[in-house]
Structure formats: C-alpha cells, structure tokens
Amino acid sequence: VREVFLVVLLLVLTAVYVSWTAGRLDRMHARVDAAWAALDAALVRRAAAARALAGQLPDPRVARALAAAAQAALEAGEQGREAVENDLSTVLRTALPMAPEHSPQTRELQQAATRVGLARSFHNAAVKDTRALRSRRLPRALHLAGSRSMPHYFEIDDTALSQ
Amino acid sequence: VRVGLVCPYTWDVPGGVQAHVRDLAESLLSLGHQVQVLAPVDDPDAGGLPAYLVPAGRAVPVPANGSVVRLLFGPLSLARTRRWLREGHFDVLHVHEPVAPSLSMLACFAASGPIVATFHSATARSRALQVAGTAMQPALEKVTGRIAVSPAARRVLVEHLGGDAVLLPNGVFVDRFRGATPLPGHPDGPTVVFLGRIDEPRKGLAVLLEGLPELARLVPDVRVLVAGPGDQQQVLAAVPRSLRRHLMMVGRVSDADLPRLYASGHVYCAPNTFGESFGIVLLEAMATGTPVVASDLEAFRRVLEDGAAGVLFPVGNAGALAAALAALLGDPVRRRALSRAGGRAVLAYDWETVTRRVLEVYDAAVAAVPVEVSVPPDADLDDVTDEDDDTGRLLPGLRRWLAARTGRDGGA
C-alpha cells in the first residue's frame, strides 16, 4: 500500500511539475515574441531617425553613409538584419558626435538609440531565460516546447550609443 | 505612469534600499506620476508615514551572515501582495532587490506584466546567490528589465545569476543640498567633516584618527567634525589626550541637518577602507559644494571622476590622507575649483536625471510587455483576515495553496 501511495504521489508531483513547466514555457515564448516586436519597432524608429538626421550633418561623406545605412536597415529582411543594424550602429558612432546639438532630429535619434539598447537587452534576457529552461533535461525529453523554434539572441554592438 | 514599487526591507528601519525606494517614489511623484510603495512596516499606526506607502505587515528578523535581516514571507504576505497588485492597476511593477526572500520576490511570483527589477547588493554571497539563482529562476524569469545601481552590483548579477542589467546609479536630491548654511558656530577654523558609523571599521574613521597627529602638526588649528552613530567614548579613548581638542563629536545627525553638516566644513573626508559600492555621501557633499577627499575605492574613483571632481588618496594610507587634507585646507583657490567641479559632476546623479532614465526603462518594459500589471486568476487566497504576521498561518496556508494548485492543474 505504501508503494502504491508513493508511486501515485510521484505521478501527481510529476504531473504538477510538467503542467507548471509547460505553462512557464508558454509564457516565456510569449515574452520573447513581445520583446522581439518591441525591439523590431525600436530598430525601425532608429533607422527612420537616422535617415531624417542625415541631411543635417556637416560632412557630406558621413551624411551619405548614414542615409545609405539607414535605408539598408529599413529595407532589411529577417536574414542579415543583425549585420545591417550593426553597420548602422557603426556609422552612428561617427555621425552622432557631429550632429547639431540642439536639433530635435538629434534628440530623437539619441532617444531611439537608447531605446534600441534597452529593447535589445530585454529581448536577449527573455531569450536567455527561455533557452535555459528549454535546455533542461525534463522539458527537452518531454518536448514541452512543442514545435516552437528555439529563440535566437539579437547581437549588435550598440555600446556608446545608449546614453 | 502608474508605478507600483516594492521594497523588501522594513520601511521604518533605516537602510540604503529603503532610502532609494523612498527617493525614487518622491521623485516620480514630483514629475507627475502615480506611485504606490508596498513595504513591510513595523508600526503602521505611527505618524509620518507617507501617503503612497502601503504597509504589508511586520517583517520577521532572521539572522544571516552575522547580522540580522528582517524579511517578510508567507501566505499572508503573498495574499496582501496579490491584493495590492490587483487593486493597483499598475502600468509597471518595479521590485527592488528581488533575490532577498521577501516581498519583492513574492511580487515577482504573483504578478504578470511589465516588471522592472533593481539590484542593489554588491557583496557576492556567492553560495546563497547560486542556490537562489536556480530556485528563484521562476520568479526572475518574469522580470522584463533589470537595473543595477553600481558596476559592482552589476558584476554580482552577471556572475551569479547570468544576464545583464542596465546601469542606473543611486540618485541625490541636489537641490536639497546646494547652498545649505553651516550649523550654528561652524566652521570655526579650518574644518574637516566626517560622517558615518564611527565604530564601523570600513567607514575608516580609524584612518582619519591615525593621520590626526600629522594633520594637527601641519594645520595646528584644524578641527574635525565627527558625525554619525556609535560609541563616542570608545573612539575618544583611542585618541591621545593632547589631540582631543581637535575633535568635535556631533553624534547622529537628522536628515534635515545633513546638508548643514556638509556645509559646516571646508573639506569632506571619506576614508572608507572597503565595501562601499556607491558613494552616496560623496555625492551629498559634492551637491552641498564641499570639496571631497576620499580613499581611492573603485566606487569613489568613479564618482570623483578619477580625481577631477575631488581628491583621492590610497586606501588606508593615513599619512597621505593627512597631507591631502592639509594641502586642501591651505588652498582656498583649489577648494573653489573642486567645489565647482564636484557640483558639475553630481548633476549626472541628480534624482531628476536618474528618474528620467528610469522612466525610459519603464517605457521600454511596457513596450516589451504591452499589458497592464495583473495577477493571474488562480488560488483563492485573497480572503485572508488581517493579522499582524504570518507566524502560525504557514501550514493552513500551505495546505490551501496546494489544494488550489492541484485543483487547477487537474482541470488544466
């Protein structure tokens, strides 16, 4: 009788754990999706702000480079998005210091760049938590994540762009 | 924005986290936002509690690491937290120090929606944090965005919990300090100010006292104002009788008198020996306009911009400290220059600046989790009666919690 009780208890605990973990995974995938949507919006805002500022730069070569990088970022598809946004970050590091200090376009670009930094950090934190839970033994063995693809980090170098 | 702040430590016991939460709440309010703070409170009937404070019960003292931490954890606290979350309709929930087993962690467990967490601790209690890191992952993974108040706190976070955090410093209300008038009768001759627990070694009063003979030799009429709680007799006993006339023991100073204390000296001295993750006292002195001489701890070097906004001396080196103090006391031009540089440097830490950056984090968190803060509708724990603490309620609570869990999961 005691063995039966222990087996039942074990089954109940496993069921509770599995259902709880599946719920956690659901929430975490939803969190990654929402965080990506926010990051996507922040990147688009930054590229648009960069394009708007390009005309105000004193150096025509940097202005052309910024306009081109911004346009490429706005047109990029899912493939190669990181590389294109990274290029824009690189140009911005040169362009932002020479931007007119009190222009509303400069201010908007600074805010947009700060937002990209925050959104990217929130997105990658969500990805990290999700990947950590999915790589645990039990969720992997039981395919608790279902058919959802493993989320990926979004890595660009945006240091020195956030305030 | 409607912000729900959670402070894990007892509100009416002084502490760095409590002060941070209070200042942030007041700064947010002054910028026109709506704020509530949920915190453990020892005496909810005491006067003077702010209107934005929601008491969550009385915390239980728990011995930890040689000192006592007061924590609040249990089904009653959980129920109160859930009710507060449900009734608050917050746009964003901002928990402080969520790794402490207290209200912040409970709030993380209970809530869903945009959650921002600020990490204060810079001391790596590594084993506790590693255990915590795994056990609290379900709570921490609900956090949308993390803030660390210092590079040291951020390092602890990266090393022990993984992941990164936005660096946002502690703030200081610059306006409350700028232009303060000295305490009556001060300064009377060249004066150095020290503030901090006088019997706590890491505050470094011993270093200052060790350098006192040399300082008195270089500046014969020097006075040292020593402010802060602790046993004055014990401190004085360690000072040669002939030098005691240089010391003025002020004792504990009220918050209201603090700016006047900084203004009462020509130089502020921070001889801390270790363990200071953030130089809030330095910032206050700088805001007052008093030049600072501080040990070259990492946190102090950063606040003083590597010596551009204040004088640094090697940690624990009493001779160097005495020489630096004497040089500054004899050089009014240098003092004025440092006062100006300090006044400029402190602006980056003004609460208004810091709070605007916190608001950017809130905005980004709401964008990443575009829903209101809510409590997932499970567990019928909200009908608990108001008792003062959780003692004795743990088992019935646990039983009901289990009942609620299994009942729900069976149906899922």
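Begin by selecting helix α2 (residues 75–88) and helix α3 (residues 103–110) of chain B, whose axes come within 9 Å of each other and cross at roughly 60 degrees. Axes here are lines fitted to C-alpha atoms, for helices over the stretch in contact, and angles run from 0 to 180 degrees between N-to-C directions. That angle makes α2(B) oblique to α3(B), because angles under 35 degrees count as roughly parallel, over 145 as roughly antiparallel, 65 to 115 as roughly perpendicular and the rest as oblique. The crossing of the pair α2(B) and α3(B) is right-handed; a crossing has this name if the near helix is turned clockwise from the far one by less than a right angle, and is left-handed if anticlockwise.

Before going on, note that this is a predicted model, in which local features need pLDDT of at least 70 and side-chain atom pairs count only at pLDDT 80 or more, while totals for chains, interfaces and linings use all residues. Residues are numbered from 1 along each chain as its sequence is written, chains are lettered from A and ligands numbered from 1 in the order in which they are written, and side-chain values use heavy atoms, with hydrogens and water left out. Helices (H or I, at least four residues) and strands (E, at least two) are DSSP runs, numbered from the N terminus.

**The whole of chain B**

Now select all of chain B, whose secondary structure comes to 17 helices and 15 strands. Of its 412 residues, 53% count as buried, where buried means under 20% relative accessible area, exposed over 50%, and partly exposed in between (1.4 Å probe, protein chains only). If you look at contacts (heavy atoms within 4.5 Å) between residues of chain B at least 6 apart in sequence, 70% join residues at least 24 apart.

**The seven-stranded sheet**

Next, colour the strands of the open sheet that runs in the order β3-β2-β1-β6-β7-β8-β9 in chain B, with parallel pairing among its seven strands. Two strands pair if DSSP finds at least two bridges between them. At the edges lie β3 (53–55) and β9 (166–167) of chain B, each of which pairs on one side only. Inside this sheet, zoom in on β6 (residues 92–96) and β7 (residues 115–119) of chain B, which run parallel and are joined by four bridges; here B:His96 has B:Thr118 in β7(B) as its bridge partner.

Just before β6 in chain B, select B:His89, which sits in the loop between α2 and β6. Its phi is near 45 degrees, a positive value in a residue other than glycine, and at 43% relative accessibility B:His89 counts as partly exposed. Most residues other than glycine have a negative phi, and most peptide bonds are trans.

**The six-stranded sheet**

Move on to B:Pro187, in the loop between α7 (174–177) and β10 of chain B, where the peptide bond from B:His186 to B:Pro187 is cis, with omega near -15 degrees.

From there, select the open sheet of six strands in the order β12-β11-β10-β13-β14-β15 of chain B, again with parallel pairing. Its edge strands are β12 (247–251) and β15 (311–313) of chain B, each pairing on one side only. Strands β10 (residues 191–195) and β11 (residues 223–227) of chain B pair in the parallel sense over five bridges, and B:Val193 stands opposite B:Leu225 in β11(B). Helix α14 (residues 318–329) of chain B packs on this sheet, touching β10, β13 (267–270), β14 (292–295) and β15, and its direction makes about 165 degrees with that of β13(B).

Which side chains of β12(B) are buried, and which are not? They alternate, so to speak, along the strand: B:Leu247, B:Met249 and B:Gly251 point to one face and are buried, while B:Met248 and B:Val250 point to the other and are not.

**Two stops in chain A**

Finally, turn to chain A and select A:Phe122 in helix α4 (residues 104–134), a residue that is buried, with a relative accessible area of 2%. Leaving aside neighbours within four places in sequence, A:Phe122 is in contact with A:Arg31 and with residues of chain B, among them B:Thr144, B:Val361 and B:Ala368.

For the last stop, select A:Glu101, in the loop between α3 (81–98) and α4 of chain A. Is this residue buried or exposed? A:Glu101 is exposed, with a relative accessible area of 69%.
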